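Let's take a walk through this protein together, from one enclosed strand out to the overall fold and back in to a single side chain. Please have your viewer ready.

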Amino acid sequence: MPSIAIIHTTSYRYRSAVVLGPHRLMLRPREMRDLTLTKFDLEIAPTARIVWSQDVFGNAIAIANFDVTTDTLSIRSRTIAVLTAPDWPVFPIAASAASYPFHYSAEDWTDLGALSTPQYADDAGHLLNWVEQFVMGRPTDTLSLLKDISNGITAQIAYQSRETEGTQGPLETLDRGWGSCRDFAVLFAEAVRTLGLGARIVSGYLYDPTHDRLGSADAGSTHAWVEVFVPGAGLIPFDPTNRSLGSANLIPVAVARNMSQIAPVAGSFQGEDTDLPAMEVVVSVEEV
């Protein structure tokens, strides 16, 4: 049961003093059955007035409001969490969903809503044709199918870290043959949605004490993965970047339908300097 310290610092430097607009922060990890928060601190300079709320997915949202002009902005969160997720989880999938295709109940279908609807156009059926290669038959084992899709992403697409903002669409990732962890997550979510399954994207941190996982620096870093809803088991985490199943090594911060909804820091500024400010992000994930 490792106790993990996470320090996430985002710093901006402007060429001249600017007026900061409200900043939306998604930095507080989600407490779950196998993840317990023992400490969370948020430090912002210049001083900000913080208002906390929850979005429709239950993510913790902090809105930072500023009263002074400044040429720098620093946002630092520090979390200590206890991670108890097993390395080899067992998922009690309902008999009705053990084989694909299956039908969600009317209530589940209503509640999943847009989570089971593809978010990107696929008029030519390129993504559908790609994901169909993993459907060995109808019926086929549901969990095996999901594992094959997840494993197939890293088998066919090269991992490449990318510091620039934004996320590739699934067709871009397939065409280019490379992507980052967030690109892999979007591709996996869209692939299973194409098959009629409900999925949501997760952003958070990867804990990597053995330094053997893709997408990490040192003992860990920010990361993205996917949760697929399967009746009986509920939301099953899949990390296609590392071909892993379950929550071991994963510390979720926010979940959403689209990657654009779960940026850790989002805000605006007004001033004579119309150029983008210099930005630095430093993340440390270590056992304490």
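Why is strand β15 (residues 250-256) largely enclosed by the rest of the structure? Seven of its seven residues are buried, so the rest of the structure largely encloses β15. Buried here means under 20% relative accessible area, with exposed being over 50% and partly exposed in between (1.4 Å probe, protein chains only). Strands (E, at least two residues) and helices (H or I, at least four) are DSSP runs, numbered from the N terminus.

Before going on, a word about the model: it is predicted, so local features need pLDDT of at least 70 and side-chain atom pairs count only at pLDDT 80 or more, while totals for chains, interfaces and linings use all residues. Residues are numbered from 1 along each chain as its sequence is written, and side-chain values use heavy atoms, leaving out hydrogens and water.

Back at β15, you will find strand β11 (residues 198-207) paired with β15 in the antiparallel sense over six bridges; two strands pair if DSSP finds at least two bridges between them. One place to look is Ser203, whose bridge partner in β15 is Ala254.

Now zoom out. The protein has five helices and 18 strands, and its C-alpha trace spans about 60 × 45 × 40 Å along the principal axes. A compact globule of 288 residues would have a radius of gyration near 19 Å, and the 20 Å of this protein agrees with that. That radius is taken over C-alpha atoms, and the globule rule is 2.2 Å times the number of residues to the power 0.38. Buried residues make up 48% of the 288. Among contacts (heavy atoms within 4.5 Å) between residues at least 6 apart in sequence, 73% join residues at least 24 apart.

There is also an open sheet of four strands, in the order β4-β5-β2-β16 with antiparallel pairing. Strands β4 (48-54) and β16 (265-266) stand at its edges with a single partner strand each, so one side of each has no neighbour in the sheet. Inside the sheet, β2 (residues 23-25) and β5 (residues 60-66) pair over three bridges, and His23 has Ala64 in β5 as its bridge partner.

Next, the interior. The largest nonpolar core, a set of buried Ala, Val, Leu, Ile, Met, Phe, Trp, Tyr and Cys residues joined through side-chain atoms within 4.5 Å, has 72 residues. Its largest share, nine residues, comes from helix α5 (residues 181-194). Trp130, Ile149 and Val228 have the most contacts inside this core. Setting aside residues up to four places away in sequence, Ile149 touches Trp130, Val131, Phe134, Phe188, Ala191, Val192 and Leu195. A second, separate core of five residues includes Val202, Leu206, Leu250 and Val255.

Finally, visit helix α3 (residues 142-156), where Ile149 is among the buried residues. At its N-terminal end, Asp141 acts as a cap, with a side-chain oxygen 3.4 Å from the backbone nitrogen of Leu143. Thr154 also belongs to α3 and counts as buried because its relative accessibility is 19%. A polar contact (N or O atoms within 3.5 Å, one able to donate a hydrogen and the other to accept it, with sequence-adjacent residues counting only if both atoms are side-chain atoms) of 2.7 Å joins the side chains of Thr154 and Arg243. The side chain of Thr154 also has a polar atom 3.2 Å from the backbone oxygen of Asn151.
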